[in-house]
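Visitor: I would like a close look at a single part of this model, with the cut-offs behind each term spelled out.

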Amino acid sequence: MSRDPRLKFIIVGASAAGLASAIALKAAGHNVLILERDPQLGGPDDILFDWGLEGELRANAVVGEGFTVYKYEGKADGRDYIGTNRWDPELLSEARGDFLQMRHRDLLRILSNAALREPSAPQNGRTATSKVTIRFGAEVVDADFDACSVTLRSGEVFQGDALIGADGATGFIRRRLLEEEGRPTDYVPKGLAVYSAIIPKSIAVKDREVSKLYQYPQKNMVSFSMGANRGAQAFLAGKEEDIVFWVYTPDTSQDGTWIKTAEKQIPDVLGQCDPLIKRLAALAGPATCVQMKNHYELESWVSQSGKVLALGEAAHPFPVISLHTYSIAIEDGAFIGKIFSHTRDPARIPEFLNAFEENRKPRCLHIDKSEMQHVDIMALPFGPMQAGRDAAMRANEAAGRNVMDVGEVHLQAMWDDMRMVFGYDPADDADDWWMSWGRLRDAPNAQKRAH
Ligand SMILES: Cc1cc2nc3c(=O)[nH]c(=O)nc-3n(C[C@H](O)[C@H](O)[C@H](O)COP(=O)(O)OP(=O)(O)OC[C@H]3O[C@@H](n4cnc5c(N)ncnc54)[C@H](O)[C@@H]3O)c2cc1C
């Protein structure tokens, strides 16, 4: 019997990176099995628009127009407003997208439905028979990177042509890759924890102060509060327009996950803050608590066998609640699918996985660094730097500029940086690699890292 010509990918993790990879690999004509530890789906948009998901995404999101900035600590007579920053329409149009503020579970549901949907018509004669299967309650507890197989807690074993670890910053595949390199598998705590809670609209609108968040333009803005080693964000998300409320605090007494209710709750960890933050904390129900961590970097995202790749947060963990973490996870998926649209040859897998790393790594590490800088700037301790930051922002506001505008000298550099982040298309990048390198190489010479 002849071998099924499609490649079989096993993906560990059914979150943003795993589901986006599955959609793109299916579109490229391959079969995908996703193994997800949790019993159900947990609790950037131009690429998703290209995948035909624009209508569904917009129906489940609030379109963000920018953010307003306040001092976390407030002032004697109430809130201390610093200024406003609006997203540049020119930049958004270049990026062919919008800032969509949505709930994690809605995004995952939309991605999962798209991954499992039967194609309405064969595309390129390929997708008609390609398939994605998701197994929930399937925790991977062992893996053989040479055989490209994984073992579940239940004892079941699955084998594929390639294995993708999309299992997050503390996932099993990432840990194994770190072990392979002889690196520590733990992390260094950053000394800040993020408490996260949802305030239903039905409760929020009954509070005189909190209900002001529903008035335009604040309705489409993130309310952003900067404090000394602290911070807070509040914004409307999803079609329900519930309030997502995040508090950054130096409280390091507990660490948890996005789905486990923390023992301490937000009012316990607030410190001195303005009246709106206090009101939001009082209305917030059970919160989760996740510590910010400095993770050890993986030297290579590809295993020595050449058959296993980490992507999403498993490859490049971002600070908790980074602005770009979802869009980068989705870009990873789009890139891996696009390059694998060019091969069904198992012998070329190591070359393609290494191409993913070589092309995606510089961008992901750059964005990780700038995300961490945002956290550091937001939570500057009292002192000359914090005073300078506040004075510059207030001066911009007084001059009618965006608070994040910087001096003329730096403006061009900042624009270049923003263009690099927003004006990027992973499909174009993948095509460039294919035209410049992939199509020229012979499979036997291609296994760069396969020792
Ligand atoms: C349940 C959940 C809720 C979240 N909510 C938010 C939020 O509200 N706001 C926010 O900014 N970020 C949230 N995040 C983080 C956010 O998803 C990531 O920062 C980002 O999108 C990158 O995702 P990822 O797909 O690379 O990894 P993750 O989102 O971390 O997903 C990893 C997936 O792998 C699964 N997994 C881990 N180990 C195994 C194993 N051994 N076997 C099988 N499966 C495994 C996990 O259950 C998870 O589904 C949440 C993450 C999760 C898991």
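How many bridges join E13 to E14, and do these strands run parallel or antiparallel?

Guide: Five bridges join E13 to E14, and the two strands run antiparallel. This is a predicted model, in which local features need pLDDT of at least 70 and side-chain atom pairs count only at pLDDT 80 or more, while totals for chains, interfaces and linings use all residues. Residues are numbered from 1 along each chain as its sequence is written. Strands here are DSSP runs of E with at least two residues, helices are runs of H or I with at least four, and both are numbered from the N terminus; two strands pair if DSSP finds at least two bridges between them.

Within the pairing of E13 with E14, Ser 223 stands opposite Ala 234 of E14. The two strands form a hairpin with two residues between them, and Asn 229 in the turn has a positive phi of about 60 degrees. E13 is also joined to E4, in this case by six bridges and in the parallel sense, with Gly 66 standing opposite Met 221 of E13. In general, strands of a sheet pair through backbone hydrogen bonds, either parallel or antiparallel.

As for its surroundings, seven of the seven residues of E13 are buried, so the strand is largely enclosed by the rest of the structure. A residue is buried if 20 or more other C-beta atoms lie within 10 Å of its own, exposed if 12 or fewer do, and partly exposed in between, with C-beta atoms placed from the backbone. In a regular strand the side chains alternate between the two faces of the sheet. Both faces of E13 are covered, with Met 221, Ser 223, Ser 225 and Gly 227 buried on one side and Val 222, Phe 224 and Met 226 buried on the other.

E13 also takes part in covering a helix: what covers the buried residues of H8 includes strand E13 (221-227), along with strand E4 (66-75) and strand E14 (230-237), among others. Contact here requires that the C-beta atoms of two residues, placed from the backbone, lie within 7 Å. The buried residues of H8, which spans residues 275-283, are Leu 276, Ile 277, Leu 280 and Ala 281. These four cover an arc of only 135 degrees around the axis, which puts them on the same side of H8, the arc being that of the directions from the helix axis to the C-beta atoms. An α-helix has 3.6 residues a turn, so residues three or four places apart point the same way.
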